[in-house]
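Let's work through a few short exercises together. Keep the sequence and the 3D view open as you go.

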Amino acid sequence: MQRDAMQFGFHHVALIVGDYSVSKAFYCDVLGLEILAENYREDRGSWKLDLALACGGQLELFSFPDSPARASRPEACGLRHLAFRVSDLDDAVAALKSRLVRFEPIRIDEYTGRRFTFFQDPDGLPLELYEVPNI
């Protein structure tokens with residue numbers, strides 16, 4: 001395999017959601033992500049929603065009937081959290097608080113010195129806002 005074939009870049013993260021309409025409203029209306037494609041897969045009784053991220057990557061939401069709950073706390077193996085970069089953490093938090101999103105206190109990353117905070121999606125998935133000025 002050529003070395004160039006192994007240069008990885010982020011393409012998408014896929015989430016299985018508990019209530020499709022609630023999660024679609026959260027990610028589209030509250031977080032403001034743009035819909036790229038939305039498809040109902042009748043044979044699976046499942047929705048698939050592709051959302052655009054500012055970095056060029058995508059977030060995929062899937063719904064499946066009777067999906068088991070996600071093990072999230074205490075720290076379970078698997079996806080720990082999904083982090084979104086923002087250029088101004090205070091502005092982003094204020095905008096989302098106006099949409100009734102609740103946040104943990106803002107903290108400082110001890111290694112990078114950057115500010116960040118956590119909140120949750122409708123299924124309790126930990127989401128992070130991570131401040132990267134001048135993006």
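The exercises below concern a predicted model.

**Exercise 1.** Work out which strands stand at the edges of the open sheet of 4 strands.

*Solution.* Start with the strand order, which is 5-8-7-6, with mixed pairing. Strand 5 (82–86) and strand 6 (107–108) each have a single partner strand, so these two are the edges, and one side of each has no neighbour in the sheet. Next, look at how strand 6 is held: 2 bridges join strand 6 to strand 7 (residues 115–120), and the two run antiparallel. In one of these strands, strand 7, Arg-115 is the bridge partner of Ile-108.

**Exercise 2.** Find what ties helix 2 to strand 7 through a salt bridge.

*Solution.* First place the helix: helix 2 (residues 89–97) lies across strand 5, strand 7 and strand 8 (126–131), at about 20 degrees to strand 7. Now check the side chains: Arg-115 and Asp-90 form a salt bridge, with their closest N and O atoms 3.0 Å apart. Arg-115 belongs to strand 7 and Asp-90 to helix 2, so the pair ties together parts 25 residues apart in sequence. Arg-115 is partly exposed at 22% relative accessibility, and Asp-90 is partly exposed at 42%.

**Exercise 3.** Decide whether Asp-50 and Lys-48 are buried or exposed.

*Solution.* The cut-off for buried is under 20% relative accessible area. Both Asp-50 and Lys-48 are buried. Their side chains meet in a salt bridge (2.5 Å, N to O). Finally, widen the view: Lys-48, Asp-50 and Glu-60 are linked in a network of salt bridges.

Key. Residues are numbered from 1 along each chain as its sequence is written. This is a predicted model: local features need pLDDT of at least 70, side-chain atom pairs count only at pLDDT 80 or more; totals for chains, interfaces and linings use all residues. Side-chain values use heavy atoms; hydrogens and water are left out. Two strands pair if DSSP finds at least two bridges between them. Contact means heavy atoms within 4.5 Å. Axes are lines fitted to C-alpha atoms, for helices over the stretch in contact, and angles run from 0 to 180 degrees between N-to-C directions. A salt bridge is a side-chain nitrogen of Lys or Arg within 4 Å of a carboxyl oxygen of Asp or Glu. Buried means under 20% relative accessible area, exposed over 50%, partly exposed in between (1.4 Å probe, protein chains only).
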